[in-house]
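Hi there,

Here is the structure I promised to pass on to you. Have a look at it first, and then read on for what turned up.

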Amino acid sequence: MRAMVLQAARQRLVESELARPTVGTNQVLLQVHACAVCRTDLHVVDGELTEPKLPLVPGHEIVGTVIEKGAAVTRFAVGDRVGVPWLGWTCGVCPYCTSGRENLCDRARFTGYQLDGGFAELTAADQRYCFSLPAGYSDVDAAPLLCAGLIGYRALRAAGEAGRLGIYGFGAAAHLITQVARFQGREVLAFTRPGDDAAATFARGLGATWAGGSDQPSPAPLDAALIFAPVGALVPAALKNVVKGGVVVCAGIHMSDIPAFPYGDLWGERTIRSVANLTRADAEEFLRLAPQVPVHATAVPYPLARANEALDDLRHGRLQGAAVLLPGQPRS
Ligand SMILES: [Zn+2]
Ligand SMILES: [Zn+2]
C-alpha cells in the first residue's frame, strides 16, 4: 500500500510503498477514503511530541471502509464505513480507565503517534475505538469531525454553561465548535492571529459576533475562553478577559511556555485548565450532536502524496477550515 511516512522528526514525510497491514483479533482493516490533518500531526512531525513510533504513518482523523476483520470483531461488518480517532487503545483496568477518564490512561496508545494512522491507503484499527459516522456526511466532510470536532467539543464542555465564549486560534477545531456553540445559544468572539483578516472574516461568517486580533482586549467580558492556538502567551491574555469564576481552557496537546502573570489576574476563582485527548463517550456524544446542528466542515482536499504541502499550509495558516488527505486520488 502507498503511505506517507515519517522516518525521523523534523523531516518531510516520504511517499513509500508499505506491506498491507496485518489485522489483529480485535482489529478492522480499512480502505482509507479521507484523513484530516490536525495540528497534533504538525507537533509530531516537528518533534514537539517526542515519543512517536518510527517510522510512522501519521494521521488520526480517518474515514474508511472495513475490508477485512479480525476474529473477535463484532461491532462492524465488511463494507461498513467507520471513523478512527486519536485514542487508539487504553488499558481498561487503571484508575482512570475505570472512572470514565480513559483519556488520561497512562498506557493509552494514540493513532498516528504510537500506532500507524491514516496517511495511507490502508490502516488497521482496534474496532473498540472506531465509530460509525453520521450518514449525511461525505467522507471528506466527516474526517475533520474525528479530532477537530470531538476534542473541540470536549473543550467546549469544559467551558460549562458559559454564555459568552472567546475562542483563540480559529483553525479546524474552532470553526466546527463555533457552530455547536451558536446552536447552543452561546455568543462567540473569535481572537485570531493579529493581522489575519482572512481568519477573522471566516469566523464572522460562521456566526462569531466579533472577530479581531488576539492582541486586542475583548470588547466584552468573557464567561470562558477556549485556546486552540499553541501559544502560551494567550493564556494570561485570555485570563484578563474572563469574568470572575470564568475558565480558560487550553485545548491543544502542545503549547509554548506560559509567561508569568500577576496573581490578581487569576484571583476571583478564575480557572486555567487543559483538555487531554478524548474518551469514547465524547466521540459518541459529539457524533450524535453534529448532524443535529448540523456541523459543516470547511474541508480543503489534498491528494495523499501532497501531505507535506497540507502540513506546510496548516503550519503557516494558509488555509481556512481543515485540510483533508484523500488517499483514493491518483499518484502524484
Ligand atoms: Zn488531532
Ligand atoms: Zn488505563
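**The zinc site**

The zinc ion (ligand 1) is held by three donors, Cys-38 (SG), His-60 (NE2) and Cys-147 (SG), at 2.0 to 2.2 Å. Along the chain, these donors follow the spacing C-x21-H-x86-C. Cys-38 sits in the loop between β3 (27–36) and α1 (39–45), while His-60, 22 residues away, sits in the loop between α1 and β4 (62–69), and the pair links distant parts of the chain. Both Cys-38 and His-60 are buried. Please keep in mind that this is a predicted model.

**How two helices pack**

Next, have a look at α3 (residues 148–158) and α4. Their axes are 8 Å apart and make an angle of about 55°. That angle makes α3 oblique to α4, because it falls in neither the roughly parallel range, under 35 degrees, nor the roughly perpendicular one, 65 to 115. The crossing of the two helices is right-handed.

On the α3 side, the contact is made by Ala-148, Gly-149, Gly-152, Tyr-153 and Leu-156. On the α4 side, Ala-172, Ala-173, Leu-176, Ile-177, Val-180 and Ala-181 take part. What kinds of residue make up the contact of α3 with α4? Nine are nonpolar, two are polar and none is charged.

**Either end of α4**

Two residues in the loops that flank α4 are worth clicking on. Phe-170 is in the loop between β10 (164–168) and α4 (172–183). Is Phe-170 buried or exposed? Its relative accessible area is 8%, so Phe-170 counts as buried, the cut-off being under 20%. Leaving aside neighbours within four places in sequence, Phe-170 is in contact with His-175, Thr-178, Ala-190, Thr-192, Ala-199, Phe-202, Ala-203, Leu-206 and Gln-320. If you want a distance to check in your viewer, the C-alpha atoms of Phe-170 and Val-44 are separated by 21 Å, with their positions 126 residues apart along the chain.

Gln-184 is in the loop between α4 and β11. With a relative accessible area of 37%, Gln-184 is partly exposed. Apart from neighbours within four places in sequence, Gln-184 is in contact with Tyr-153 and Leu-156. Tyr-153 and Leu-156 are also among the α3 residues that make the contact with α4. The C-alpha atoms of Gln-184 and Ser-256, 72 residues apart along the chain, are separated by 31 Å.

**An enclosed helix**

Helix α6 (residues 234–241) has six of its eight residues buried, so it is largely enclosed by the rest of the structure. Those buried residues are Leu-234, Val-235, Pro-236, Ala-238, Leu-239 and Asn-241. Which elements cover the buried residues of α6? The cover includes the strands β10, β11 (187–192), β13 (222–227), β14 (242–250) and β15 (271–274), together with helix α7 (263–266).

**A buried aspartate**

Asp-312 is part of helix α9 (residues 307–315). Its relative accessible area is 18%, and Asp-312 therefore counts as buried, the limit being under 20%. Not counting residues up to four places away in sequence, Asp-312 touches Arg-12 and Arg-318.

**Some backbone details**

Most residues other than glycine have a negative phi, and most peptide bonds are trans. Here are some places to look at with that in mind.

- A cis peptide bond joins Leu-54 and Pro-55, with omega about -10°. Pro-55 lies in the loop between α1 and β4, and His-60 of the zinc site is in the loop between α1 and β4 too.
- The peptide bond from Val-293 to Pro-294 is cis, with omega near -20°. Pro-294 lies in the loop between α8 (280–289) and β16 (299–303).
- Glu-269 is not a glycine, yet its phi is positive, at about 60°. Glu-269 is in the loop between α7 and β15, and at 69% relative accessibility it counts as exposed.
- Asn-277 has a positive phi near 60° and is likewise a residue other than glycine. Asn-277 is in the loop between β15 and α8, and is buried, with a relative accessible area of 14%.

Happy browsing, and do write back with any questions.

Best wishes

How values were computed
Residues numbered from 1 in each chain as written. Chains lettered and ligands numbered in written order. Predicted model: local features only at pLDDT ≥ 70, side-chain atom pairs only at ≥ 80, totals over all residues. Heavy atoms only, no water. Helix = DSSP H or I, 4+ residues; strand = E, 2+ residues; numbered from the N terminus. Buried < 20%, exposed > 50% of the residue type's maximum accessible area, 1.4 Å probe, protein only. Contact = heavy atoms within 4.5 Å. Donors = N, O, S within 2.8 Å, 3.2 Å for Na, K, Ca; no water. Axes fitted to C-alpha atoms, helices over the stretch in contact; angles between N-to-C directions. Parallel < 35°, antiparallel > 145°, perpendicular 65-115°, else oblique. Left-handed = near helix turned anticlockwise from the far one by under 90°. Nonpolar A, V, L, I, M, F, W, Y, C, P; charged D, E, K, R; others polar.
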